[in-house]
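Please find below some notes on the two-chain model, set out as numbered points.

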Amino acid sequence: MTDHENHCLGVVATFLENQGDGTIAPAPFHKTLKADIQRRTNREVRDNTFADMVKNRGLTRQQVQGMIDSVMSTRKHDDLVVLVSNQLTKESFVPSRSRAMVENVRKYLAKRLDPTNRLLAVAQKKIEFELSEISPALLSSPSVITKIISHLSTLNHKEWQLIRSTYSDEFLNAMFAVQIYEQELPPPNPQSQEENA
Amino acid sequence: MLKLHEGDGEYCVLFDVHDDIVSLDHPVAPTAARFFQVKTKTSGNWTAHSITTGNKSSTGEPLPSFLGKLYKHRLKFEIAVDRLTFVSNGRFNVDMADGSDSREKESIRVSDLSAAVITKIQIALTAEHSLPNFPTGLDRPTLKQRR
């Protein structure tokens, strides 16, 4: 890393200390911001109006805040890993598989911070779509991860095939698990809770 | 931009507008603009001559100087130009009115330069923009040294 980049990263780190819960990692936010600025700087379009110029080349408070919000804080990141890990225990995953899954969850959360990783972005969109189509009863099941993995594994999307071949089956399952918790979950199904009890 | 975000108001930072960065006080209805021209220098210092003298195009036509380009915004922009800043990693070697060493400064207002340098800049800007009189508002441009 050049002296200039180190200096920029330091400025970003100081800035992020007062944003969100104060635990947002500077490197991913710096990378996101840099990629966005480069995209706007290199855009070769004609700005016919002031509104065009703002749209094509401008970054507003709202957009910068969106970038800050999209980079998950270290605390939220850790909370999500704990949630998945606890659920795997509840669902009686064998320890070795549970460990592998948690490791892939961490790997996925780290890799998706790269805004240039389109492979993950499109696969994630597909998961979000498929989860939105799933019945609330399944999403509130006590064995939600097992059931969702088993349901989604029957679908043969090319975006997911690419994830399997680039990373692994378990990496794709980890993506499913993360998205389950990031999806707006329906309220718990009382019947399922009774079954669980 | 991060400094603006730490404040309360709206803002919009535009990238690569006539090679410059522009910050507006509102994305929809701006009332003030700040222009920044960022130039990297690999060796040596900036001088009054180097910031007020443009290169020549491939056909021999004179190209605008860095300060001249920045000053042009003040002449043509319809909304109030709040600040004009030339930013570089290079240092500035220019005579200061108070005799201090400009190479040690991170921020220099053009109005704080020696009378001789200000006159030199005024002559250069007058010629570059074909102004009828010496340019006004030389308290606005600032030279900043940043890593």
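How many residues of chain A are in contact with how many residues of chain B?

1. Taking two residues to be in contact if their C-beta atoms, placed from the backbone, lie within 7 Å, 17 residues of chain A are in contact with 14 residues of chain B. On the chain A side, α1 (3-16), α2 (26-42), α3 (50-57), β1 (58-60) and α4 (61-70) each give two or more residues, and the largest share, five residues, comes from α1(A). Helices (H or I, at least four residues) and strands (E, at least two) are DSSP runs, numbered from the N terminus.

2. This is a predicted model, in which local features need pLDDT of at least 70 and side-chain atom pairs count only at pLDDT 80 or more, while totals for chains, interfaces and linings use all residues. Residues are numbered from 1 along each chain as its sequence is written, and chains are lettered from A and ligands numbered from 1 in the order in which they are written.

3. The two chains also share a strand pairing (at least two DSSP bridges between the strands): β1(A) pairs with β1 (residues 12-17) of chain B in the antiparallel sense, over three bridges. Within β1(B), V13(B) is the residue that stands opposite L59(A).

4. Chain B contains four helices and six strands, which follow one another along the sequence as α-β-β-β-α-α-β-β-α-β. Of the contacts in chain B with a separation of 6 or more, 52% join residues 24 or more positions apart.
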